[in-house]
Structure formats: C-alpha cells, structure tokens
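Welcome, and thanks for taking a look at this one with me. Here are a few notes to help you find your way around.

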Amino acid sequence: MPPIINSNETKCKIGSTRLFIDVTGLSKDAVTNSMNTLVSALTELGGKIETVKMNFPEQTSISPQLGTREITIKYNDAINWLGLDIKKDEFVAYLEKMRLNAEPVSEDEYKVSYPAFRTDIRHQVDIFEDLAISYGYDNIEPKLIPTLTIGQARPEEEISQIVRDAMIGLGFSEIMSLHLQSVERCFTKLNMEPDDNHVIVENPKTIEQKVIRNHLMTGILETFQKNKRKAVPQKIFELGNVIHLNPEMETGTNEYRHLAFGIIGPETGYAEIRMYLDAILHELKIDGTFQAIEHPSYCQGRCAELSGDNGAWARLGEIHPQILNNFGMAFPISYCELRLVKVI
C-alpha cells in the first residue's frame, strides 16, 4: 500500500519482502490494467506473485489474472494498412520479435497472443503498429499515396481574397464577428421582426447565442458602437458566412459568403456607399440593376437592392435613425451587404 497514506507498521522500506498491492479507481478496466502493468514490472525485478480472492455481492474474483490475451488479425489487412511486401513466414517472425505469438487460423487470419501487461492492444491496428516497429520504420520506403490530391482554395475563398484586397485598398479595416447572436441583436435592434429564414439553436448556453446570423449588419453596427469615442469617419468591412433556411437542401439550409461594409461619419450617405459598391462590382466584373426598396433598417427613400450576374445580390443604404439610437450612435451610418457566392 502507498506508505504516504498508511501507518508506520505497513510502510515500504529497505528490506521489505512482502507487498500488498491495492489499486482503486472509477473504471474497472483502468484498475485491472494498472494492476497488471505494476505486477508484471515487479515480476521482471524477480518478485513472486501471489493472488488474492475477492468476494463481491454478485461474484468471486481472483486477482491478478495475468494469463495471455488473444486477438484475431487478418494478414491482408496488415499488408494493405502498412503497404509492405511481407511474406507470411516473415509476418510471423516479425510478430514473435515483438514477443507476440501468432498462429494461423485460416488462410488469411491469425490468432495473436499477447501478455496481460500489453494494455494498449485494443484493435488489430495496434498489432499492425507492432509489426511496423519490428520491420523497422527506417526500412519502409516512402511512396506517394495513390489517391494523392493537390490542395487548392475553395471558390468562395478565392473571390473573398480579391474582395479583401480591394476593400483594404479602399481604406477599410476588416473585422470578424460572431455567428451566434441573440434575437434582440439580430432582429429587434435593427427594426426587424424575426422571420422564418433563420436557424434557431435548440439548447443555447445563453440567450446571446440563440440564433445563427442570416446577415452581417449586427457585427458592423456593434463594432461602430464599441468605437464611438474614436475619430470619424470610420470605415470597416467583414467577409463571413450567413445561413438561410432551405428545406430542399440536405442540411435544411443554404450557406452564403457575404461582404458587409459600413461607414460612419457626419457626411456619409447613400452616394458614398454606392460608390464603394460600384468599385467592388467593377473589380469582380459583375453587372446588375438597382431598384429602390423600403426596408425597416434603412431610411425611407435611401435604400436600394442590386440584382446582378451569377446570383449576385446586394442591399445598401442609410441606416434608420431609430437604429442609430438603439446603438447609441451620434453620426449617420451608410451600409451595404453584398452576396458573393453560394457556399453550400
């Protein structure tokens, strides 16, 4: 027993010849494995093992039980996993080199016996690892896998990098906001009513993580709010994904890559935000038509939507004064959100 928790009469000291080993824990397998490993290590030092009979309410057990364990492996699986050209006689010899006894059961299967202290063996792949160690990792010739592929950027990342470079060149600073938001931050503070086009988290940790964003406006306005004591004008943008419900999709949703950018300052307005949007559309070689619309988040008569090539869509305008009050802003804000590409 550990001497630190027992009396002077039972503590280990030089000359002790009889040890009672007690292992406790929350998992039976962990306790058994620890016992087998410790006892096997003491046996290698010359110790003699004696068993203990333990009476449980449902059964009687003898401990430790150090008999060999067995596992069945497949020769062809081992060869395919390791990519080695090993004959069957060599296969057995390499396993015996690792103190494992292998006996053929069928043409492809072998029964492998291993000692009780090898508690790391749970699957035939663990035997394959021993086989590779015995063969020698240095002796394995490196080869390209037959399914070799070359990584490349996804389409949304390529277009995002073009847009990112353009926005930085136009004097904007990039931000990153959270995907999970509250109903108030995503809808109420923006003069919008929760619609049927957003994902609701079934068991959120907090009310601030109740819905998955379906637009990027919240992140832009909250960033302006946190920097309202800084000098204006300020220009920021964000490239991020938004989620819209779509029952026809396998996941029940569509995911889009959006660009959102906003400007806060005493002289900003629709004309300025439209100017920057036109610059991005020119960079992406996108043509489209603008149409005046009304939206609760924008000033009446100062909002428009773009319908462009390849499904491009945008909404831009001047943020409604009520929303400026909701976020405690003292200057006008012009804002645009552009859909770049469908991700999923």
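The points below cover one helix pair and two pockets.

1. Before anything else, please keep in mind that this is a predicted model.

2. A good place to start is the pair formed by helix 2 (residues 75-82) and helix 4 (residues 124-135), which pack at an angle of about 60° with their axes 10 Å apart. The crossing of these two helices is right-handed.

3. Which residues make that contact? From helix 2 come D77, A78, W81 and L82, and they meet Q124, V125, F128, L131 and A132 of helix 4. By class, the contact has 7 nonpolar residues, 1 polar and 1 charged.

4. Next, have a look at the largest pocket, with a volume of about 1,200 Å³. Its lining is made of 36 residues, and I21, M35, V39, S63 and P64 lie nearest the centre. Helix 1 (28-44), strand 1 (52-55) and strand 2 (60-63) each supply at least two lining residues, and helix 1 gives the most, with 10. The lining divides into 15 nonpolar, 13 polar and 8 charged residues.

5. The second largest pocket holds about 310 Å³ of space. You can find its centre by way of N214, H215, H295, W313 and R315, which lie nearest to it among the 18 lining residues. Strand 14 (313-319) and strand 15 (333-342) are the elements that give two or more residues to this lining, and strand 15 gives the most, with 3. Here the classes are 7 nonpolar, 7 polar and 4 charged.

Note on methods. Residues are numbered from 1 along each chain as its sequence is written. This is a predicted model: local features need pLDDT of at least 70, side-chain atom pairs count only at pLDDT 80 or more; totals for chains, interfaces and linings use all residues. Side-chain values use heavy atoms; hydrogens and water are left out. Axes are lines fitted to C-alpha atoms, for helices over the stretch in contact, and angles run from 0 to 180 degrees between N-to-C directions. Helices (H or I, at least four residues) and strands (E, at least two) are DSSP runs, numbered from the N terminus. A crossing is left-handed if the near helix is turned anticlockwise from the far one by less than a right angle, and right-handed if clockwise. Contact means heavy atoms within 4.5 Å. Ala, Val, Leu, Ile, Met, Phe, Trp, Tyr, Cys and Pro count as nonpolar, Asp, Glu, Lys and Arg as charged, and the others, Gly among them, as polar. On a 1 Å grid over the protein atoms alone, a cavity is a set of points where a 1.4 Å probe fits but cannot get out, and a pocket is an open set with protein on both sides within 12 Å along at least five of seven lines; lining residues have an atom within 4 Å of a point. Grid points are joined across faces, edges and corners, and a volume is the space filled by probe spheres set on the points.
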